[in-house]
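Here's a quick briefing to read alongside the structure. Take a look at the fold first, then work through the bullets by topic.

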Amino acid sequence: MTEENPLDPTSTKQEVPEEQQEAPRKQNGDCSEKPPDKPPAPAEEAGFVHPEGGWGWVVMLSSMWCNGTVFGIQNSFGLLFVELLKRFGTENDADLRFRTAWVGSLAMGMIFFCSPIVSIFTDIFGCRITAVGGAAVALVGLLASSFVESLGLMYFTYGVVFACGCSFSYQPSLVILGHYFKKRLGLVNGIVTAGSSVFTILMPYLLSGLLSSLGFQNTLRVLCTLIFVLILAGFSYRPLLPPKPKSSQSGQSRLRQVFNTNIWKSVGYRIWAFGIPAALYGYFVPYVHLMKHVEERFGADTNKEVLLMCIGITSGIGRLIFGHVADYVKGVNKVFLQVSSFFVIGVMSMMIPLCNIFGGLIAVCLLMGLFDGCFICIMAPIAFELVGADDVSQAIGCLLGLMSVPMVAGPPIAGFLRDKLGSYDVAFYLAGIPPLIGGVLLCFIPWVELKRQRAEKKEAQSRDQDVTQKMIEQEKTRENAKSKELDSVV
């Protein structure tokens, strides 16, 4: 799985005119009374100018290292999965693949599950403390995993501790970019998120060499050096934007700001927030089980690492291509790009068991990576269209949290089917069904949003007519009053 920017750094740090703040509330169906005006921003924030470079380039490289380290290791778990099978049981264990797949599933799921919590911690403690603390926790979890002698403890050390630390170090690396860049923020975000593609290309070969020469335990200890560098990178996240002024609002009002329920008033967002998780039950299955499937189908000596490399390369290309295409697609119709990506990913998952030559698997992985990049790169633009700029941060955070459930459940189910049926064929066939179902659900969003816009337009016209009618009646009343006054004079 690749990553997405869960927060729009600039949208949460800049003052928005009152008229623009009203638009998202109306769009989400919020007809409540207007809250009290916010206190004016301090003079330092009003006159703040983004450096657009300088130390910001160091921050960009640190963020790129964070993206690459976190998701490079996660996307290459298929190689660690094969080693875990050898380490904690025999190949013929009845439910070994089911139990082992939980390690990688928990790790990826916890990264997404913690996203809403990390957003709150970043707002309270800042990017530097949150990132450094998270990387330290990840280092402890990964180092402890190298000493674990049972699969149950591996669930906790790798699947929970290591993954939670990665989540807390990942999100601040994206938020801090908004302190240093504004005009170049799109370019910088593209470079930073490309880090995961670069590491996904290189990490399989690094892990293969380390596992064959050093073994599983020492390989994890070598990976700890990457996480240690991540701790040092977190210290570069020097905040520039002045802190927000302390609000005099009540505790209940502040609680509403932290846990924003306004986003759920948009019917389109509700469909999107539940349609995407529905599509992801089979999404992470190839990342965990494809390496083992290749060994069983083509032999242990097959150059299986090239498949992950293909996914990483075309995922980066897909982000560039479809990110540019999305700029020309109006409004919520961008959802159809995600629909197409789910359809292709679903069909390609079903094609994996049908590939009897290794070249066919390469072609399948190239297409999966390309449309994986499409799915990832347009999540934020769609969120902007559905909930507006003010609510986009928590909208994406909640979506990532909901995505954690299918991320955790999918690979163990595929492992269970392999243990019971003796091959991965049925597992990959079934993994292609959820993306197709999710794609169909997302097709309703443009229709719902069009219906909402028509209703709002009709309501606005009705209000205009009422205002016009009242003006006419008032004018008639004044004319009648003048006529009576004239008659009385006569």
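**The big picture**

The protein chain has 22 helices and zero strands. Keep in mind that this is a predicted model. Its mean pLDDT is 78, with 82% of the residues reaching 70 or more.

**The chain as a whole**

- Out of the 490 residues in the protein chain, 51% are buried.
- About 22,200 Å² of the chain is exposed, and carbon and sulfur atoms supply 65% of that area.
- Take the contacts between residues at least 6 apart in sequence: 86% of them join residues at least 24 apart.
- Go carefully with residues 4–45, where pLDDT stays under 50. The model still has 73 contacts beyond four places in sequence for this stretch.

**Helix 3: checking its length**

- Helix 3 covers residues 55–75, which makes 21 residues.
- How far apart should its ends be, at 1.5 Å a residue? The expected span is 30 Å, and the end C-alpha atoms are 30 Å apart, so the two agree.
- This helix is mostly covered, as 15 of its 21 residues are buried.

**Helices 14 and 15: a pair in contact**

- Helix 14 spans residues 285–298 and helix 15 spans residues 305–326. Their axes come within 9 Å and cross at roughly 145 degrees.
- Which residues of helix 14 and helix 15 meet? From helix 14 it's Tyr287, Leu290, Met291 and Val294, and from helix 15 it's Leu307, Leu308 and Ile311.
- Sorted by class, this contact has seven nonpolar residues, with no polar and no charged ones.

**Ala101 and Ser341: two buried residues**

- You'll find Ala101 in helix 5, which runs over residues 96–113.
- Ala101 counts as buried because its relative accessibility is 0%, and the cut-off for buried is under 20%.
- Leaving out residues up to four places away in sequence, Ala101 touches Phe81, Val288, His289, Pro411 and Pro412.
- Val82 is 19 residues from Ala101 along the chain, and their C-alpha atoms are separated by 10.0 Å.
- Now for Ser341, which sits in helix 16 (residues 335–351). Is Ser341 buried or exposed? With a relative accessible area of 0%, Ser341 is buried.
- Again not counting residues up to four places away in sequence, Ser341 touches Phe371, Cys374 and Phe375.

**Cys398: partners from elsewhere in the sequence**

- Cys398 belongs to helix 19, made up of residues 392–421.
- Setting aside neighbours within four places in sequence, Cys398 is in contact with Pro116, Ile263, Trp264 and Tyr269.
- How many residues apart in sequence are Cys398 and Phe112? They are 286 residues apart, yet the C-alpha to C-alpha distance is 9.2 Å.

**Leu240: a loop residue**

- Leu240 is in the loop between helix 11 (216–234) and helix 12 (251–258).
- Why does Leu240 count as partly exposed? Its relative accessible area is 28%, and partly exposed means between the 20% cut-off for buried and the 50% cut-off for exposed.
- Leu240 and His179 are 61 residues apart in sequence, while in space they are 5.6 Å apart, C-alpha to C-alpha.

Definitions and conventions
Residues are numbered from 1 along each chain as its sequence is written. This is a predicted model: local features need pLDDT of at least 70, side-chain atom pairs count only at pLDDT 80 or more; totals for chains, interfaces and linings use all residues. Side-chain values use heavy atoms; hydrogens and water are left out. Helices (H or I, at least four residues) and strands (E, at least two) are DSSP runs, numbered from the N terminus. Buried means under 20% relative accessible area, exposed over 50%, partly exposed in between (1.4 Å probe, protein chains only). Contact means heavy atoms within 4.5 Å. Accessible areas come from the Shrake-Rupley method with a 1.4 Å probe; for residues, only the protein chains shown count as cover. Axes are lines fitted to C-alpha atoms, for helices over the stretch in contact, and angles run from 0 to 180 degrees between N-to-C directions. Ala, Val, Leu, Ile, Met, Phe, Trp, Tyr, Cys and Pro count as nonpolar, Asp, Glu, Lys and Arg as charged, and the others, Gly among them, as polar. pLDDT is the predictor's confidence in each residue, from 0 to 100. The expected span of a helix is 1.5 Å times one less than its number of residues.
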